[in-house]
Amino acid sequence: MAGEKTARVPVEAYERELLRLQTELVKLQEWVRTEGARLVVVFEGRDAAGKGGTIKRVSELLNPRVARTVALPKPTERQRTQWYFQRYVEHLPAAGEIVLFDRSWYNRAGVEHVMGFCTKEEHQLFLRQCPIFERMLVEEGILLRKYWFSVSDAEQQRRFRRRLKDPTRRWKLSPMDLESITRWEAYSRAKDEMLVHTDVSEAPWYVVESDDKRRARLNMIAHLLGSVPYHEVKPPVLELPPRPPSTGYVRPPRDLQTYVPDHAATL
């Protein structure tokens with residue numbers, strides 16, 4: 001049951017099931033491409049909630065020409081004068097494409113609202129317009145899935161400390177992330193208000209308990225696959241052609257080219 005303490009998923013079971021689910025994602029990709037479907041997956045949640053790691057596992061075996069991740073930087077001065085949803089619209093998928101939003105238009109309901117980067121009027125306008133915008137996407141035929149990654153304050157703190165100590169993860173920690181620690185309750189209220197206004201039947205929110213990253217990844221991917229009516233598309237039969245006989249080609253001497261040094265030999 002959601003919220004109860006459960007044992008972490010063992011590594012072997014996780015890796016076995018992840019590969020199975022990723023194989024199904026490839027089938028989903030081919031169905032999207034063949035049928036000309038358009039799939040949008042929104043990943044939202046607190047800092048260090050596990051969104052990025054899940055997106056990586058969703059996309060790592062997919063064709064980047066079909067499935068792409070969108071993680072927009074802060075808006076430019078020109079974009080600030082546009083309709084708020086405008087810069088997200090240009091990243092929506094065409095036929096046969098999948099778009100994964102690593103944070104999305106919901107920035108206005110979260111960080112912008114809590115940190116004061118938008119006015120109260122802009123925030124309220126967003127809450128009124130967002131369900132209308134998403135209904136338009138669904139009516140247009142876009143498959144829209146929205147996932148909120150829920151992490152406890154204790155687990156978030158643990159992950160922040162790990163990022164501070166690990167030089168390969170240090171880039172993931174920003175001053176804005178640290179600010180979120182002191183505004184935990186403000187973010188909680190903002191999230192609750194967001195869900196009240198935007199958890200609509202046409203585009204519902206799905207909450208992913210993410211204190212256990214492995215469990216969160218498996219649960220989210222399994223749910224996504226179960227929510228889309230895809231089927232396996234049989235690939236065309238391919239056969240390797242026989243190599244033609246040699247016509248006398250001779251490779252140039254190796255010393256005429258510059259090779260990468262064999263660093264592996266020093267290990």
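Throughout these legends, Ala, Val, Leu, Ile, Met, Phe, Trp, Tyr, Cys and Pro count as nonpolar, Asp, Glu, Lys and Arg as charged, and the others, Gly among them, as polar. The views show a predicted model, in which local features need pLDDT of at least 70 and side-chain atom pairs count only at pLDDT 80 or more, while totals for chains, interfaces and linings use all residues. Residues are numbered from 1 along each chain as its sequence is written, and side-chain values use heavy atoms, with hydrogens and water left out.

**View 1. The chain as a whole.**
The chain contains 10 helices and 5 strands, these being DSSP runs numbered from the N terminus (helices H or I, at least four residues; strands E, at least two). Its C-alpha atoms fill a box of roughly 75 × 50 × 45 Å along the principal axes. Of its 267 residues, 39% count as buried, where buried is under 20% relative accessible area, exposed is over 50%, and partly exposed lies in between (1.4 Å probe, protein chains only). Among contacts (heavy atoms within 4.5 Å) between residues at least 6 apart in sequence, 80% join residues at least 24 apart.

**View 2. Strand β3 and its partners β1 and β2.**
Strand β1, spanning residues 38-45, pairs with β3, residues 97-102, in the parallel sense over 6 bridges; pairing requires that DSSP find at least two bridges between the strands. In this register, Phe 43 stands opposite Asp 102 of β3. Strand β2, residues 67-70, is also parallel to β3, with which it shares 4 bridges, and Ala 67 has Ile 98 of β3 as its bridge partner.

**View 3. The largest nonpolar core around Leu 28 and Met 220.**
The largest nonpolar core holds 32 residues, of which Leu 28 and Met 220 touch the most other members. At least two residues of this core come from each of α1 (11-35), β1, α2 (51-59), β3, β4 (143-150) and α10 (213-227), and α1 gives the most, with 7 residues. Such a core is a set of buried Ala, Val, Leu, Ile, Met, Phe, Trp, Tyr and Cys residues joined through side-chain atoms within 4.5 Å. With residues up to four places away in sequence not counted, Leu 28 touches Leu 39, Leu 225, Val 228 and Tyr 230. Apart from this core lies another, of 24 residues, whose members include Tyr 106, Ile 142, Leu 144 and Val 200.

**View 4. The cavity lined by α1, β1 and β3, among others.**
The structure holds 1 cavity of 30 Å³ or more, a cavity being a set of points on a 1 Å grid over the protein atoms alone where a 1.4 Å probe fits but cannot get out, and its lining being the residues with an atom within 4 Å of a point. About 40 Å³ of space lies in the largest cavity, a volume being the space filled by probe spheres set on the points, which are joined across faces, edges and corners. The lining consists of Leu 25, Leu 28, Leu 39, Val 41, Val 58, Leu 62, Ile 98, Leu 100 and Leu 224, and the elements that give two or more residues to it are α1, β1 and β3. These lining residues divide into 9 nonpolar, no polar and no charged.

**View 5. Leu 18 and helix α2.**
Leu 18, in helix α1, is buried at a relative accessible area of 8%. Leaving aside neighbours within four places in sequence, Leu 18 is in contact with Arg 57, Leu 218 and Ile 221. From Leu 18 to Pro 241 there are 223 residues in sequence and 34 Å in space, C-alpha to C-alpha. In α2, the residues Lys 51, Gly 53, Thr 54, Ile 55, Arg 57 and Val 58 are buried, and the buried residues of that helix pack against α1, β1, β2, β3, β4 and α10.

**View 6. Three loop residues, Ala 48, Arg 103 and Thr 81.**
Most residues other than glycine have a negative phi. Ala 48, in the loop between β1 and α2, nevertheless has a positive phi near 65°, and it is buried, with a relative accessible area of 7%. Arg 103, placed in the loop between β3 and α5 (111-115), likewise has a positive phi, near 70°, but is partly exposed, with a relative accessible area of 25%. Thr 81, in the loop between α3 (77-80) and α4 (86-89), counts as exposed at 67% relative accessibility. Thr 81 and Gly 45 are 36 residues apart in sequence and 26 Å apart in space, C-alpha to C-alpha.

Key:
1 Å grid on protein atoms, 1.4 Å probe; cavity = no way out; pocket = protein on both sides within 12 Å on 5 of 7 lines; lining within 4 Å.
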